[in-house]
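Trainee: I have a chain open on my screen and I'd like to walk through it with you. Could we start with one of the helices and work outwards from there?
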Amino acid sequence: NLALGAQDGELTITASDCTRNFGGFSFHYSGDAPAPESRVRVARPDTLIAQGLPPPDLIKIDTEGAEWGILTSFSEDALSRVGWIVGELHSVRSFDLLEYLSRWFLIETKKSMKSPLFMFAAKNKTS
């Protein structure tokens with residue numbers, strides 16, 4: 001098991017007590033009750049790319065609040081070569097992330113007034 005993150009190492013990931021996400025896990029736990037935790041190995045995307053993995057063509061991301069840390073840990077060169085990014089943002093620096101991505105991507109968002117979460121799609125400006 002391996003998670004992408006802003007730093008290489010190991011972090012604690014917490015099981016969600018939210019029934020809407022079918023038992024997801026997060027580095028940004030926001031529940032009220034104690035929840036099961038696990039340790040998980042974390043790698044920066046650029047660490048994996050340096051080991052021979054090519055930059056992705058498509059990123060699908062729904063990481064329960066860790067989107068900023070993951071996407072901004074790609075080198076600018078690698079991120080600028082991604083064709084599409086789609087996913088859900090969880091109000092943890094969401095607008096900062098969209099502004100950062102707008103350097104390379106055309107961005108579309110969809111948000112309900114009833115939820116702090118919103119969907120987004122980002123298409124590379126050069127594709």
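Trainee: Which residues of H4 are buried?

Mentor: Keeping in mind that this is a predicted model, the buried residues of H4 are Ser-94, Leu-97, Leu-98, Tyr-100 and Leu-101. They lie on the same side of H4, because the arc they cover around the axis is only 160°.

Trainee: Why would residues a few places apart end up pointing the same way?

Mentor: An α-helix has 3.6 residues a turn, so residues three or four places apart point the same way.

Trainee: And what sits on the face of H4 turned away from the buried side?

Mentor: That face carries Phe-95 and Glu-99, and both of these residues are exposed.

Trainee: What do the buried residues of H4 pack against?

Mentor: They pack against the helices H2 and H3, and also against the strands E6, E7 and E8, where E7 covers residues 105–111. As for its placement, H4 lies across E6, E7 and E8, and it runs at about 10° to E8.

Trainee: Ser-94 caught my eye; how buried is that one, and what does it touch?

Mentor: Ser-94, whose place is in helix H4, has a relative accessible area of 5%, and it therefore counts as buried, since the cut-off is under 20%. Leaving aside residues up to four places away in sequence, Ser-94 touches Leu-89 and Phe-118.

Trainee: Okay, new topic. You mentioned strands, so what order do they have in the open sheet?

Mentor: The open sheet has 4 strands in the order E5-E6-E8-E7, and their pairing is mixed. E5 and E7 are the edge strands, each of them pairing on one side only, and neighbouring strands of this sheet are turned by 10° against each other on average, with direction ignored.

Trainee: Mixed how? Which pair is parallel and which is antiparallel?

Mentor: E5 and E6, the latter being residues 84–89, run parallel and are joined by 4 bridges, whereas E6 and E8 pair in the antiparallel sense over 6 bridges. In general, strands of a sheet pair through backbone hydrogen bonds, either parallel or antiparallel.

Trainee: Can you give me residues to look for in those pairs?

Mentor: For the parallel pair, find Ile-59, which stands opposite Ile-85 in E6. For the antiparallel pair, find Gly-87, which stands opposite Phe-120 in E8.

Trainee: Back to E5 for a second: which residues are on its covered face and which on its uncovered one?

Mentor: In E5, which spans residues 58–61, Ile-59 and Ile-61 make up the covered face, while Leu-58 and Lys-60 make up the uncovered one.

Trainee: So what about the largest nonpolar core, how many residues does it have?

Mentor: It has 20 residues, and those with the most contacts inside it are Leu-71, Leu-79, Ile-85, Leu-101, Phe-105 and Phe-120. The elements that give two or more residues to this core are E5, H2 (67–71), H3 (76–80), E6, H4 (94–101) and E8 (118–124), and the largest share, 4 residues, comes from H4.

Trainee: Phe-120 keeps coming up; what does it touch?

Mentor: Not counting residues up to four places away in sequence, Phe-120 touches Ile-61, Ile-85, Val-86, Gly-87, Glu-88, Leu-89, Leu-98, Leu-101, Glu-108 and Thr-109.

Trainee: Switching to H3: where does Ala-78 stand, and what does it touch?

Mentor: Ala-78 lies in helix H3 and counts as buried, at 2% relative accessibility. Not counting residues up to four places away in sequence, Ala-78 touches Asp-46, Ile-49 and Pro-55. Ala-78 and Asp-46 are 32 residues apart in sequence, yet their C-alpha atoms are 7.9 Å apart in space.

Trainee: Is Gly-9 buried, exposed or partly exposed, and which residues does it touch?

Mentor: Gly-9, in strand E2, is partly exposed, with a relative accessible area of 35%. Again not counting residues up to four places away in sequence, Gly-9 touches Val-40, Arg-41 and Val-42, and from Gly-9 to Val-42 the distance is 5.2 Å, C-alpha to C-alpha, although they are 33 residues apart in sequence.

Trainee: Last one: how many helices and strands are there, and what share of the residues is buried?

Mentor: The protein chain comes to 4 helices and 8 strands, and of its 127 residues, 35% count as buried. From the N terminus on, the elements run β-β-β-β-α-β-α-α-β-α-β-β.

Key: Residues are numbered from 1 along each chain as its sequence is written. This is a predicted model: local features need pLDDT of at least 70, side-chain atom pairs count only at pLDDT 80 or more; totals for chains, interfaces and linings use all residues. Side-chain values use heavy atoms; hydrogens and water are left out. Buried means under 20% relative accessible area, exposed over 50%, partly exposed in between (1.4 Å probe, protein chains only). Two strands pair if DSSP finds at least two bridges between them. A nonpolar core is a set of buried Ala, Val, Leu, Ile, Met, Phe, Trp, Tyr and Cys residues joined through side-chain atoms within 4.5 Å. Contact means heavy atoms within 4.5 Å. The arc is that of the directions from the helix axis to the C-beta atoms. Axes are lines fitted to C-alpha atoms, for helices over the stretch in contact, and angles run from 0 to 180 degrees between N-to-C directions.
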